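Student: I request a close look at the side-chain pairs that join separate parts of this chain. Please explain each term as it arises.

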Amino acid sequence: MVIYEVNITIDPQIKNIFLPWLYSHAEEMILFDGFSKYYLFENNELENVYTIHYFVDNMNSINNYLNNNAHEMRQKGKDKFDGSLSIKRRILSKVNA
């Protein structure tokens, strides 16, 4: 299993429109091959910071998404909220003992 993590800092003025959009966006994300579910977290230490974890079957699915779909999905957020948010992404893999 792999977690595709997206950390988002938003302008507080867009919160009421951003969160419903983010849920819709996340529902679209889990339609991609290998993506199974997501959890959205609010940062308890920093205001207006959210983290979303997408659970993905394997690195092949992540690579497929990154190579074929990521640009389009990212562009949707840029088109709607350009300049009102900052995004950082990372990929986490489970360590097997």
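Tutor: The answer begins with aromatic rings and then turns to charged and polar partners.

This is a predicted model, in which local features need pLDDT of at least 70, side-chain atom pairs count only at pLDDT 80 or more, and totals for chains, interfaces and linings use all residues. Residues are numbered from 1 along each chain as its sequence is written, and side-chain values use heavy atoms, with hydrogens and water left out.

A search of the whole structure finds twelve aromatic pairs. One of them joins tyrosine 38 and tyrosine 54, which are tilted, with 6.2 Å from centre to centre and 50° between the planes. Tyrosine 38 belongs to strand E2 (residues 35-42) and tyrosine 54 to strand E3 (residues 49-56), so this pair ties together parts that are 16 residues apart in sequence. Here, rings of Phe, Tyr and Trp (its six-membered ring) pair if their centres lie within 6.5 Å; planes under 30 degrees apart count as stacked, over 60 as edge-to-face and the rest as tilted. Strands (E, at least two residues) and helices (H or I, at least four) are DSSP runs, numbered from the N terminus. Both tyrosines, 38 and 54, are buried, a word that means under 20% relative accessible area, with exposed over 50% and partly exposed in between (1.4 Å probe, protein chains only). Ring pairs also link Tyr4, Phe32, Phe35, Tyr38, Tyr54 and Tyr65 into a cluster.

Histidine 53 is also in strand E3. With 16% relative accessibility, histidine 53 counts as buried. Apart from residues up to four places away in sequence, histidine 53 touches several residues, including Tyr4, Glu5 and Tyr38; such contact means heavy atoms within 4.5 Å. The side chains of histidine 53 and glutamate 5 make a polar contact of 2.7 Å. A polar contact is a pair of N or O atoms within 3.5 Å; within protein, one must be able to donate a hydrogen and the other to accept it, and residues adjacent in sequence count only if both atoms are side-chain atoms.

Glutamate 5 is itself buried, at 6% relative accessibility. Glutamate 5 also forms a salt bridge with arginine 90, with the closest N and O atoms 2.5 Å apart. Since glutamate 5 lies in strand E1 and arginine 90 in strand E4, the pair ties together parts that are 85 residues apart in sequence. A salt bridge is a side-chain nitrogen of Lys or Arg within 4 Å of a carboxyl oxygen of Asp or Glu. Arginine 90 is partly exposed, with a relative accessible area of 47%.

The whole structure holds three salt bridges. Another is between the side chains of lysine 15 and glutamate 42, at 3.7 Å from N to O. Lysine 15 is in helix H1 and glutamate 42 in strand E2, so this pair ties together parts that are 27 residues apart in sequence. Both partners are partly exposed, lysine 15 with a relative accessible area of 30% and glutamate 42 with 47%.

Helix H1 takes part in a further salt bridge, in which the side chains of glutamate 28 and lysine 76 meet at 2.5 Å, N to O. This pair links distant parts of the chain, with glutamate 28 in helix H1, lysine 76 in helix H3, and their positions 48 residues apart in sequence. Glutamate 28 is partly exposed at 31% relative accessible area, and lysine 76 is partly exposed at 29%.
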